Amino acid sequence: MYIIDKELKKLAQSGKSIRVGMIGAGFMGRGIAYQIVNVFPGMTLAGIYNRHLDGAERAYREAGVEEFSQPANVAELEDMVVKGQYAVTDDPLLLCQADNIDVILEVTGDVAFGAMVMLEAIAHNKHALTFSAELDSTAGPILKVKADKAGVVYSNCDGDQPGVTMNLYRFVVGIGMKPVLCGNIKGLQDPYRNPTTQEAFAKKWKQKAHMVTSFADGSKISFEQSIIANATDMRVSQRGMVGPTVEPGKHVQELFDLYPLDEAAQGHGFVDYVVRATPGPGVFVYATNDSKLQQHYLNLYKLGEGPYYCFYRPYHLCHFEVPNSIARAALFGDATITPLDGPKVEVVATAKTDLKKGDTLDGIGYYMTYGECENADVVQQENLLPMGVAPGCVLTRDIAKDETLSYEDVIVPEGRLIDQLRKEQAAHFGLA
């Protein structure tokens with residue numbers, strides 16, 4: 001990060017900037033807009049898409065920008081960018097297609113829409129960044145393939161726990177340690193939460209109830225740990241992960257015995273989480289080192305006698321850090337967190353309540369399903385239904401509460417882009 005700030009200042013001093021098109025102006029988008037406009041030199045928020053223009057306008061105003069206008073076409077948008085003017089639009093393709101926008105940042109949280117935006121950005125040779133773990137888990141590997149072919153970066157972002165974890169993972173590897181588990185610290189886990197139970201909390205923090213629910217019911221953390229696994233070649237030790245709940249105040253430095261670390265050390269390593277531990281809502285990496293000499297030093301430096309050592313960060317600051325990912329992609333071609341190759345861990349749809357034949361599955365963080373991590377080879381073998389493609393599918397039989405759904409249990413709507421991407425992903429990585 002210390003390189004990023006210097007390079008951005010140099011860019012600003014030269015009269016240049018990284019020109020960003022942001023897709024989505026919701027709760028997180030507005031915070032990101034403020035950061036780009038007010039905190040990061042050498043970076044310009046050239047345009048904001050929102051389904052309703054007043055949302056894009058609000059994001060600019062809250063960032064202190066009062067003058068903006070709506071371009072009629074790509075040429076008009078490009079002219080505005082040259083002149084340093086700000087654009088609002090209800091057409092995401094304008095931002096993706098404008099030649100003089102460098103980076104597209106997608107923050108809508110909609111899997112299908114986000115996939116379309118990422119494809120359009122990549123097709124027009126723009127770095128494609130998403131703040132959606134749901135999209136990344138569902139179709140990230142094939143999006144990465146397409147980005148590599150185009151010579152651009154596809155990445156998730158700094159600030160959210162996956163990006164923060166990946167930064168910590170890279171630090172741990174960089175000092176000669178072997179990571180065996182990447183962990184996420186949660187305050188609550190209840191798979192049966194729904195928008196009704198979470199409504200009051202959502203109103204208090206001015207968020208959408210289904211988004212809050214996706215955190216409470218475990219879907220969000222499953223997507224987050226899935227993309228960490230895909231970026232590190234890790235797996236899960238069991239469906240749904242171990243996810244122990246501990247006494248409040250228990251520190252992650254004390255929890256080695258709650259996970260199968262010996263198994264993790266002998267294989268690919270695991271992703272997992274813990275509930276109520278300190279320091280929440282941070283992240284941690286358990287790692288090992290075979291050198292007796294280094295073990296002596298690690299003990300001297302108060303990390304303990306081993307064989308496992310805990311590295312952690314006590315916070316993640318979401319929108320505050322997202323512009324760092326924009327700069328990393330545009331200045332250095334560096335992805336914050338991106339798939340290594342094919343999927344390693346997927347998120348499968350599990351019934352939140354008893355479901356009936358003929359029901360149409362609702363969305364992530366709603367009333368009918370919650371997401372659980374499962375290793376990709378098991379998902380393939382059992383033909384399990386990914387959570388990211390479940391919304392809109394129609395049940396062909398009754399499903400019991402807590403039963404994991406498979407493709408045999410549903411009729412998939414025709415013509416969806418996300419299903420086409422999944423088929424392409426399976427064929428590319430030999431999973432079909």
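**Figure 1. Surroundings of Ile-104 in the predicted model.** Neighbours within four places in sequence are left aside here. Beyond them, Ile-104 is in contact with Gly-21, Ile-23, Leu-95 and Cys-96. Val-117, Met-118 and Ala-121 are also among the contacts of Ile-104. Lys-126, His-127, Ala-128 and Leu-129 complete the list for Ile-104.

**Figure 2. The nonpolar cores.** The largest nonpolar core has 76 residues. Ile-104 and Leu-361 have the most contacts inside this core. Helix H7, residues 133-150, gives the most to the core, with 7 residues. A second core is separate and has 33 residues. Ala-59, Val-153, Val-322 and Ala-335 are included in this second core.

**Figure 3. Strands S1 and S2.** Strand S1 covers residues 18-23. S1 runs parallel to S2, and 6 bridges join the two strands. Arg-19 stands opposite Thr-44 in S2. How much of strand S2 (residues 43-49) is buried? The count is 6 of the 7 residues, so S2 is largely enclosed by the rest of the structure.

**Figure 4. Strand S11 and its partner S12.** S11 spans residues 345-351, and 7 of the 7 residues are buried, so this strand is largely enclosed by the rest of the structure. In a regular strand the side chains alternate between the two faces of the sheet. Val-345, Val-347, Ala-349 and Ala-351 point one way from S11. Glu-346, Val-348 and Thr-350 point the other way. The residues on both sides are all buried, Glu-346 and Thr-350 included. Strand S12 (residues 369-375) runs antiparallel to S11, joined to it by 7 bridges. Cys-373 in S12 is the bridge partner of Val-347.

**Figure 5. The open sheet S8-S7-S9-S10.** This sheet has 4 strands and mixed pairing. Strand S8 (270-275) and strand S10 (308-313) are the edge strands, and each pairs on one side only. Neighbouring strands are turned by 25 degrees against each other on average, direction ignored. Strand S9 (residues 283-288) pairs with S10 in the antiparallel sense over 6 bridges. Within that pair, Val-283 has Arg-313 in S10 as its bridge partner. Helix H8 (residues 161-174) lies across S7 (178-186), S9 and S10. The helix runs at about 25 degrees to S9.

**Figure 6. Packing of helices H10 and H11.** Two packed helices are described by the angle between their axes and the distance between the axes. For H10 (residues 209-216) and H11 (residues 219-232), the angle is about 65 degrees and the axes are 4 Å apart. The two helices are therefore roughly perpendicular to each other. Which residues meet in H10 and H11? Met-211, Ser-214 and Phe-215 come from H10, and Ser-219, Lys-220 and Glu-224 come from H11. By class, this contact has 2 nonpolar, 2 polar and 2 charged residues.

**Figure 7. The buried side of H10 and the residue after the helix.** Val-212, Thr-213, Ser-214 and Ala-216 are the buried residues of H10. These buried residues pack against S7, helix H9 (199-204) and H11. Just after H10, Gly-218 takes a positive phi of about 95 degrees.

**Figure 8. Backbone geometry at Arg-276 and Cys-318.** Most residues other than glycine have a negative phi, and most peptide bonds are trans. Arg-276 is not a glycine, yet has a positive phi of about 80 degrees. Arg-276 is found in the loop between S8 and S9. Cys-318 also has a positive phi, near 40 degrees. The place of Cys-318 is in the loop between S10 and helix H14 (322-332). Is Cys-318 buried or exposed? Cys-318 is buried, with a relative accessible area of 14%. Arg-276 is partly exposed, with a relative accessible area of 46%.

**Figure 9. Cis peptide bonds at Pro-281 and Pro-307.** The bond from Gly-280 to Pro-281 is cis, with omega near 5 degrees. Pro-281 lies in the loop between S8 and S9. The bond from Gly-306 to Pro-307 is cis, with omega near 5 degrees. Pro-307 lies in the loop between helix H13 (292-300) and S10.

Key
Residues numbered from 1 in each chain as written. Predicted model: local features only at pLDDT ≥ 70, side-chain atom pairs only at ≥ 80, totals over all residues. Heavy atoms only, no water. Axes fitted to C-alpha atoms, helices over the stretch in contact; angles between N-to-C directions. Parallel < 35°, antiparallel > 145°, perpendicular 65-115°, else oblique. Contact = heavy atoms within 4.5 Å. Nonpolar A, V, L, I, M, F, W, Y, C, P; charged D, E, K, R; others polar. Core = buried A, V, L, I, M, F, W, Y, C linked by side-chain atoms within 4.5 Å. Buried < 20%, exposed > 50% of the residue type's maximum accessible area, 1.4 Å probe, protein only. Pairing = 2+ DSSP bridges.
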